Amino acid sequence: MSDKKNLVQKLESVNEYEREAIPKSKLKSWKSFVGTYAGEHTAGTEFVLGPLFVAHGASAIDLVGGLLVGNILAVLSWAFFTGKAATKTRHTLYFQLEKIAGSRFTIIYNLVNAVAFCFLAGAMITVAATAVGIPFDLAMPALDDTLPTSFGFVLTVFVVGAITTVIAMFGFNQVVKFANIAAPWMIMIFVAAAVAVLPRLGINSISDFWPVAKETIWSGVPLEGKTKFTFWHIMFFAWFCNMAMHIGMADMSILRYAKKWTAGFATSTGVFLGHYVAWLASGILYSLFLLESDGSLVFAPGPIAYEAVGIAGAVCVIIAGWTTANPTLYRAGLAIQSINPKWKTWKVTLFVGLITTIAACFPALMMQLLDFVALYGLVLMPIGAVIFIDIFLLPKMGMRSNFAELTNRNFNPAVGITWLITLIFCLGLNLFGGVEIFFLGLPGWFVAVIVYIASSKIIQKNTPIPDLNSTSTKREVPVS
């Protein structure tokens, strides 16, 4: 009984500063974020995403060049957009949005955000479960499976989900510790798996690699029924696959702990190890699978890694799934908790973890991961533009930041208008212009910026705003 009481007391003592600026004593150096991002983006899903480029006929030169440019743009987005906004305000995305958009809009947004993060974390739990189930010879999900494949698989998912949730419940510090321990080992397994199978592809020396890469691994010929991927597909995929996190500003909740905005560059460990090296490595594994099997696309990362390097590969997939699911669950918990500040974050995270684990039992979540990631990033992108412009540009244009807080309103029409018009524009561009979903983020962001500035100017011009220097409207000075 005393152990249970001590556990509850420890959880109750976790303070994530959901509605205040991070104290200076709690700020962390860039080193704390290296492991977090390396672990989060060297994930079990890399065993799924890498084969995508092989299946869609990406050529070797397009893949190498596209990933290089796209990942550089992603790192710059994290540093110059998310990092600068997070270290200026020291607030979570959700609290900052409440100041700008009002509590009524923020509730809607937070629910959408939390559901998206739950589904993403659920997919990671499913990925890890495919590896945990190997020793028990569980039936693995096939490409067209939508429902749980067996009771054993459901039980495996719940075990993985429970561990993931417990780690996330203890807050950001435990997420960081877990990632820093796991990240260095995981990337070594990714590389080792790819190197181990090279001889089976006919690569016995460094000079053999590039010819085989061009002719066998990334031949430039898509599988039957798959569209051809060009340099531009790959570049925008690498840039915008985490659009919700950087341009969408979701990682304000993480980077608010950074001493300097330059900690945003720590994301390079994730994108270049995970979204470059790991994608190349998993592509190599999949090309071997195509040579030695019937050519069907496998969406069971555990067995793929196990076939390459045995138990170490399976364990890598398990840990990789956890290191992505942990910070994602942490973000989801913050999103829900911000709806009612009286709720304890650890209790909210426990509830979110349960919902996420139930969702993870359905393989369809993992099978449709690419489309889902693109969609939720696009949905959150306009709000990221609103936050960035509100913090940095509106004051320079003679307008006020944090409109809802200053006017004591629960809804800022400018934010609602921006979100709606931007999403309608992107939908129209997709349906009538034939623009694929991963290309929509760039034009959509500029539309959001223009609409928010214009609508804010009109609304603020016709709305009396209290003097910023008055006692009742003074804003908290963020820790710098």
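**Exercise 1. Work out how α19 and α20 pack in this predicted model.**

Start with handedness: α19 and α20 cross in a right-handed way. Next, take the geometry. The axes of α19 (residues 413-431) and α20 (residues 441-461) come within 8 Å, and they cross at roughly 150°. Angles over 145 degrees count as roughly antiparallel, so α19 is roughly antiparallel to α20. Finally, look at who meets whom: on the α19 side you'll find residues including P413, I417, I421, F425 and L429, and they meet a set in α20 that includes P443, V447, V451, Y452 and I459.

**Exercise 2. Decide whether F95 is buried or exposed, and find a partner for it that is far off in sequence.**

First, place the residue: F95 sits in helix α5, residues 93-101. Its relative accessibility is 11%, and buried means under 20%, so F95 counts as buried. Now for the partner: A335 is 240 residues away in sequence, yet the C-alpha atoms of F95 and A335 are 9.2 Å apart in space.

**Exercise 3. Find the best-connected members of the largest nonpolar core.**

This core has 141 residues, and the ones touching the most other members are F33, F53, L67, W218, Y376 and I387. Helix α17 (residues 369-392) supplies the largest share, 16 residues. Then zoom in on L67: leaving out residues up to four places away in sequence, its contacts include F53, I234, H275, Y276 and W279.

**Exercise 4. Check where to be careful with the coordinates.**

Overall, the mean pLDDT is 81, with 82% of residues at 70 or more. Over residues 10-15, though, the pLDDT is below 50, and residues 470-480 are also below 50. Where pLDDT is low, don't read the predicted coordinates in detail.

Key:
Residues numbered from 1 in each chain as written. Predicted model: local features only at pLDDT ≥ 70, side-chain atom pairs only at ≥ 80, totals over all residues. Heavy atoms only, no water. Helix = DSSP H or I, 4+ residues; strand = E, 2+ residues; numbered from the N terminus. Buried < 20%, exposed > 50% of the residue type's maximum accessible area, 1.4 Å probe, protein only. pLDDT = per-residue confidence, 0-100. Contact = heavy atoms within 4.5 Å. Core = buried A, V, L, I, M, F, W, Y, C linked by side-chain atoms within 4.5 Å. Axes fitted to C-alpha atoms, helices over the stretch in contact; angles between N-to-C directions. Parallel < 35°, antiparallel > 145°, perpendicular 65-115°, else oblique. Left-handed = near helix turned anticlockwise from the far one by under 90°.
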